[in-house]
Each structure stands twice: as C-alpha cells, then as structure tokens.
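Biologist: I am new to this structure and would like a close look at a single part of it. Could you take me through one helix and its surroundings, step by step?

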Amino acid sequence: MHPLGLIFYFFAAVLVVSALRVITARNPVHAALFLVLAFFSAAAIWILLEAEFLALTLVLVYVGAVMVLFLFVVMMLDVNFDTLREGFWRHLPVGLVVAGLMVTEMVLVLSAETFRGAPAPEPRGFDYSNTRELGAVLYTQYVYAFELAAVLLLVAIVAAIALTLRRREGVRRTDVAEQVRVRPEDRLRVLQVPPESPVGAKPDEPGQVSQ
C-alpha cells in the first residue's frame with residue numbers, strides 16, 4: 001500500500017474513534033477535547049487532499065476559537081451533567097434510527113454517478129494556489145449560495161444583538177450614553193469630616209479637656 005494510503009487510514013481511524021468518544025465520554029471537558037482531536041484529524045485528511053486552506057481554516061476557526069469558547073462555557077457553567085444523562089437510554093432508539101437514516105443517505109449520495117469516476121487531476125505546477133482556486137469557485141460557480149450564507153450570518157448577528165439589547169423587567173440595562181456624559185462631580189463627593197474629640201471633652205467644646 002502507498003504510504004499516503006496508510007497515513008489516510010491512520011487519521012481516518014483517529015477521526016472515527018475521537019468522534020465516538022465525543023458522544024460517549026461522561027466528562028464534558030473530555031468530550032470537547034476529543035472534538036478538538038477530531039478537528040485536527042479532519043484537517044490532516046484535508047491536507048492529504050491538497051486542501052491546505054480549508055485545513056488551516058478548520059484549525060484556526062474551530063480549534064482556535066469555537067472550541068475555546070465551548071471549554072470556557074462548559075467549565076464556567078455549574079451544570080449537573082448526571083441529570084442531563086438520565087434520559088440517555090430512553091432516547092437511544094430514536095438516536096439510532098436518526099443515525100441509521102443519516103448513514104443511509106450518505107451511502108446513497110456517495111454511490112451515485114455524480115460522485116463516482118472523477119477524472120484524475122492533471123499535474124499541478126509550483127504556481128498553483130489552493131486559496132485562489134477556492135476563491136474562483138466561490139465567487140463564480142457558487143456566488144449566489146455564498147451570498148445567501150453571508151446574509152443568513154448577518155441576520156443571525158443582528159438577531160443576537162437585538163435579543164441582547166431588548167428591555168426586560170427586573171434586569172438592569174447599561175446606558176452607554178449616560179456613561180459617556182458622566183462628570184467627576186456626579187460620581188465623587190468630598191466630605192469635610194471634623195477630627196475626633198479627645199477623651200473627656202465636652203460636646204459643646206471640642207478639643208478641650210475637662211478639669
């Protein structure tokens with residue numbers, strides 16, 4: 001077998017095992033770390049397929065940003081995971097049915113004539129750029145799908161901001177304009193506190209000691 005084939009099967013096995021551990025690990029932090037391993041394995045497979053830009057994007061975006069956010073949320077939230085796993089065996093048959101349907105759809109798609117018998121690519125020179133080719137495909141053949149995905153992401157960002165800034169009863173809201181207009185006199189007040197009287201002094205004659 002060709003060495004590239006051995007490398008592919010190695011990373012594919014690591015990817016499958018880590019993906020299984022994501023859904024079977026009892027500790028959520030361990031599950032997130034196994035998901036990081038799955039991302040790295042998928043990136044290695046993409047590099048074997050000469051998709052270096054997608055592999056680096058997967059590592060930088062998902063491993064470097066999304067998974068760090070997941071780990072912070074999991075470690076900061078005080079969630080009783082034993083309670084969440086109480087209905088695992090009850091919902092297992094439904095999960096197996098959904099998983100079977102997904103596997104069947106993948107087999108049908110991959111066995112279709114559209115995805116079979118692709119011609120071997122021509123040898124590429126040193127001036128080949130994976131990023132340039134990806135950009136050419138995105139902005140020519142899939143330009144409408146790319147613009148639609150951008151609009152959907154923009155709508156999701158605006159909706160998240162709107163949900164955050166909505167007024168709710170019993171929740172204190174920060175007024176940025178009021179914070180900008182604040183003056184030192186509004187936040188700081190200097191008080192003249194008289195010195196304490198010596199022991200034995202009369203209240204009407206501070207500072208004098210009674211004989």
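Modeller: A word on terms comes before the tour: a residue counts as buried when its relative accessible area is under 20%, and as exposed when that area is over 50%. The model is a predicted one, and its secondary structure comes to nine helices and zero strands. Buried residues make up 11% of the 211 residues in the chain, while the accessible surface comes to about 18300 Å², of which 68% belongs to carbon and sulfur atoms.

The part I have chosen is helix H2, residues 28-48. At 1.5 Å a residue, its 21 residues should span 30 Å, and the C-alpha atoms at its ends lie 31 Å apart, which agrees with that expectation. Buried residues in H2 include Pro28, Ala31 and Ala32, then Val36, Ala38 and Phe39, and further along Ser41, Ala42, Ala43, Ala44 and Ile45. After H2 comes Glu50, whose phi is positive, near 65°.

Consider next what lies against this helix. Ser18, which has its place in helix H1 (residues 3-24), touches Phe34, Leu37 and Ala38, once residues up to four places away in sequence are set aside. With a relative accessible area of 1%, Ser18 falls under the 20% cut-off and is therefore buried.

H2 also contributes to the largest nonpolar core, a group of ten residues made up of Ala32, Val36, Phe39, Ala42, Ala43, Ala55, Leu58, Val63, Met67 and Leu71. To this core, H2 and helix H3 (52-76) each supply at least two residues. Ala55, one of the core residues, is in contact with Ala43, Trp46 and Ile47, leaving aside its neighbours within four places in sequence.

From H3 the path can be followed one step further, to helix H6 (residues 130-138), whose axis comes within 8 Å of the axis of H3 and crosses it at roughly 90°. Since angles of 65 to 115 degrees count as roughly perpendicular, H3 and H6 are therefore roughly perpendicular to each other. Where these two helices meet, Glu52, Phe53 and Leu54 belong to H3, and Asn130, Thr131 and Leu134 belong to H6.

As for the chain as a whole, among contacts between residues at least 6 apart in sequence, 50% join residues at least 24 apart.

How values were computed: Residues numbered from 1 in each chain as written. Predicted model: local features only at pLDDT ≥ 70, side-chain atom pairs only at ≥ 80, totals over all residues. Heavy atoms only, no water. Core = buried A, V, L, I, M, F, W, Y, C linked by side-chain atoms within 4.5 Å. Buried < 20%, exposed > 50% of the residue type's maximum accessible area, 1.4 Å probe, protein only. Helix = DSSP H or I, 4+ residues; strand = E, 2+ residues; numbered from the N terminus. Contact = heavy atoms within 4.5 Å. Areas by Shrake-Rupley, 256 points an atom, 1.4 Å probe, with all protein chains shown as cover. Expected span 1.5 Å × (residues − 1). Axes fitted to C-alpha atoms, helices over the stretch in contact; angles between N-to-C directions. Parallel < 35°, antiparallel > 145°, perpendicular 65-115°, else oblique.
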